[in-house]
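Biologist: Before we discuss the packing, could you put the sequence and the structure up, so that we can go through them together?

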Amino acid sequence: MDDRRRRFEAQALPHLDAAINLARWLTRSDADADDVVQDAMMRAWRAYDGFRGGDIRPWLLTIVRNCWRTSLGDRKRRGHVALPDENTRLPGDEMTDSGPSPESSAMRNAEGRKLDAIIATLPDEFREVLILREMEDLSYREIAAITDVPLGTVMSRLARARAMLREKWLGEVEASHAL
Amino acid sequence: MPCERAQQLEAYLDGELDAAGAAEVESHLETCSECRQAKAQFEELRTALREKATYHRAGAPLRARIGAALDKETPRSVVRRFSGTRALWTGAAGGATATALAASLAFFLFMPVAGDPLITDITNAHLRSLASEHLIDVVSTDRHTVKPWLAAHADLSPPVADFSRQGFKLVGGRVDFLEGVRAAVTVYRHGAHVVNVFAWANYGEALPEFATRNGYHIVFWRSGNLTFCAISDTSIDDILALSRLLKGLSQTDARE
């Protein structure tokens with residue numbers, strides 16, 4: 001049993017960031033994302049013997065997404081749905097960053113926050129494919145398996161997500177350059 | 001009116017086309033200015049998404065919650081202990097880390113084992129450091145700065161080096177306390193992960209060889225009169241790799 005726990009932790013926990021990132025983008029709330037991920041990790045733990053090996057990340061992300069769908073149903077029944085909130089957790093909050101100078105990172109943060117806000121406004125089905133493709137670098141096939149839709153649908157949703165994002169983001173960039 | 005190859009271009013930029021398909025798109029790009037522009041915009045957007053949008057990371061409280069929830073569903077302690085060489089060899093033969101275990105043999109003193117409160121202390125010290133209130137006292141990527149600082153403030157002089165080339169960037173050091181004993185801590189960054197390496201003078205207290213607590217992996221080893229412990233949320237193999245580099249350094253230091 002110890003060994004199972006150790007194997008699970010060694011395999012699954014390195015992907016906790018990917019899990020929380022997906023959950024945070026899906027739920028758009030830190031607290032909800034934590035709940036979804038905890039639920040997902042426990043389900044993964046109980047289902048671990050059924051994991052057939054290979055890359056564990058898509059398997060975990062599938063569970064995360066399913067837990068989110070379930071929580072969404074629960075919340076709708078209870079009559080409240082999370083609205084996109086301001087980022088309560090900013091990049092670099094958890095660790096001191098030895099990165100670029102304060103000014104450039106402040107500028108990057110301001111731009112990043114705008115981009116975050118735009119992504120948050122995308123409808124769920126477009127937002128999830130975009131996060132899986134661009135932030136998790138997953139293939140169309142993996143995304144199709146995680147989101148449970150045909151490959152063609154992944155492609156068209158991705159194209160649509162990018163078109164929406166492009167329109168809003170490039171509009172923002174041009175507007176800020178014009179100032 | 002978008003070019004009819006727009007979708008194919010996107011699949012190309014997502015790395016989803018085979019060689020023939022890719023070659024087709026590349027030759028099309030030479031003649032279609034519209035697709036060239038679309039490609040430039042696509043790349044701008046991708047860079048923004050990957051470098052500017054927030055990539056959320058799991059906080060220490062969530063890790064602790066998951067660790068506690070797993071504890072409830074794990075019947076026995078997860079700390080692996082050795083009661084003798086037979087257990088060692090069974091363990092070493094079983095895991096993927098067999099070589100690492102064997103390599104650590106030469107450095108580790110095996111004794112009847114204690115050490116649970118210590119693991120709690122180490123995990124707590126690591127969590128405190130991640131909460132960023134106390135990650136680094138001396139910020140430097142230069143071992144010639146960190147090592148003397150530790151010698152002056154912790155009265156210990158553990159081996160320190162920047163292993164950027166091997167993926168472990170030295171970011172600094174600090175002083176911490178484990179069970180009331182002063183420890184010199186060297187901080188490394190491995191990708192997005194922080195690895196804290198504790199070193200302290202330990203006179204014979206027995207320790208497990210490695211442990212996992214709240215999702216953090218902990219590797220112990222001994223070298224000279226110092227006990228070392230590396231802790232991080234990165235994979236156990238990564239931590240073992242760093243411990244091997246540091247053990248190599250101890251040997252070099254000893255020869256100097």
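**Folds and cores**

Modeller: This is a predicted model, and in it the secondary structure of chain A comes to eight helices and zero strands.

Biologist: What share of the residues in chain A is buried?

Modeller: A residue counts as buried when 20 or more other C-beta atoms lie within 10 Å of its own. Over the 179 residues in chain A, the buried ones make up 35%.

Biologist: Where does the largest nonpolar core lie with respect to domain 1 and domain 2 of chain A?

Modeller: This core has 47 residues, and A19(A), L22(A) and V64(A) are among those with the most contacts inside it. Its largest share, eight residues, comes from helix α2 (residues 16-27) of chain A. Since domain 1 (1-80) and domain 2 (100-179) of chain A both give residues to it, the core lies between them.

Biologist: Which residues does A40(A) touch, not counting those up to four places away in sequence?

Modeller: A40(A) is itself one of the residues with the most contacts inside the largest core. With residues up to four places away left out, those that it touches are A19(A), I63(A), V64(A) and C67(A).

Biologist: Turning to chain B, is N196(B) buried or exposed?

Modeller: N196(B) belongs to strand β4 (residues 193-201) of chain B, and, leaving aside neighbours within four places in sequence, its contacts are H126(B), S129(B), V185(B), V187(B) and I231(B). The threshold for burial is 20 or more other C-beta atoms within 10 Å. Because N196(B) has 25 of them within 10 Å, it is buried.

Methods:
Residues are numbered from 1 along each chain as its sequence is written. Chains are lettered from A and ligands numbered from 1 in the order in which they are written. This is a predicted model: local features need pLDDT of at least 70, side-chain atom pairs count only at pLDDT 80 or more; totals for chains, interfaces and linings use all residues. A nonpolar core is a set of buried Ala, Val, Leu, Ile, Met, Phe, Trp, Tyr and Cys residues joined through C-beta atoms within 7 Å. A residue is buried if 20 or more other C-beta atoms lie within 10 Å of its own, exposed if 12 or fewer, and partly exposed in between; C-beta atoms are placed from the backbone. Helices (H or I, at least four residues) and strands (E, at least two) are DSSP runs, numbered from the N terminus. Domain bounds come from an automatic or database domain assignment. Two residues are in contact if their C-beta atoms, placed from the backbone, lie within 7 Å.
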